[in-house]
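Hello, notebook! Today I sit down with a new structure and jot down what I look up, one small step at a time.

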Amino acid sequence: MALPLAPLAVAAAKYGAVAFAGYAILRQIQPGGINQRTEDALDEIEEGLTTHRPRDRDQLNGAARFRRVIRLGVNGPGIEIDATALGRLRMRRV
């Protein structure tokens, strides 16, 4: 009995294309470093969502922080989740 190679070739082409795209994306990512001033600014953000619109600038600043500890059981091992984001939206007429 003959082995149908056409369906296998299509699946191999799909997975190969996905693998090649992932490899190409990984090659474009530049290694980064840690900026201590940025780390300190992220640590100072209060929990919750805040926005601020300075009167002297045409921009909107926003900050968000989500910080929780999740435990498995009452005295079980836990994991702390600390997600912080800063954002700025600047719009100017040109």
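**Entry 1: a pair of strands.** In which sense do strand 1 and strand 2 pair, and over how many bridges? I looked it up in this predicted model: the pairing of strand 1 with strand 2, residues 59–71, is antiparallel and runs over five bridges. I also noted that the two form a hairpin, with six residues between them.

**Entry 2: who faces whom.** I then picked out two positions across this pair. T50 stands opposite A63 in strand 2, and T51 stands opposite G62 in strand 2.

**Entry 3: the whole sheet.** Next I stepped back. I found an open sheet of three strands, in the order 1-2-3, with antiparallel pairing. Strand 1 (48–52) and strand 3 (78–90) each have a single partner strand, so they stand at the edges and one side of each has no neighbour in the sheet. I wrote down the twist too: from one strand to the next, it averages 10°.

**Entry 4: strand 1 up close.** How many of the five residues of strand 1 are buried? The number is zero, so I noted that strand 1 lies largely in the open.

**Entry 5: one residue, Q59.** I wanted to follow a single residue, and I chose Q59, which lies in strand 2. Is Q59 buried or exposed? Its relative accessible area is 8%, and buried means under 20%, so Q59 counts as buried.

**Entry 6: the company Q59 keeps.** Which residues touch Q59, leaving aside its neighbours within four places in sequence? I listed H52, R53, P54, R88, L89 and R90 as its contacts. I also looked at a residue further along the chain: G87 is 28 residues away from Q59 in sequence, and their C-alpha atoms are separated by 10 Å. Last, I checked the side chain of Q59, and found that it makes a polar contact with the side chain of N61, at 3.2 Å.

Methods
Residues are numbered from 1 along each chain as its sequence is written. This is a predicted model: local features need pLDDT of at least 70, side-chain atom pairs count only at pLDDT 80 or more; totals for chains, interfaces and linings use all residues. Side-chain values use heavy atoms; hydrogens and water are left out. Two strands pair if DSSP finds at least two bridges between them. Helices (H or I, at least four residues) and strands (E, at least two) are DSSP runs, numbered from the N terminus. Axes are lines fitted to C-alpha atoms, for helices over the stretch in contact, and angles run from 0 to 180 degrees between N-to-C directions. Buried means under 20% relative accessible area, exposed over 50%, partly exposed in between (1.4 Å probe, protein chains only). Contact means heavy atoms within 4.5 Å. A polar contact is a pair of N or O atoms within 3.5 Å; within protein, one must be able to donate a hydrogen and the other to accept it, and residues adjacent in sequence count only if both atoms are side-chain atoms.
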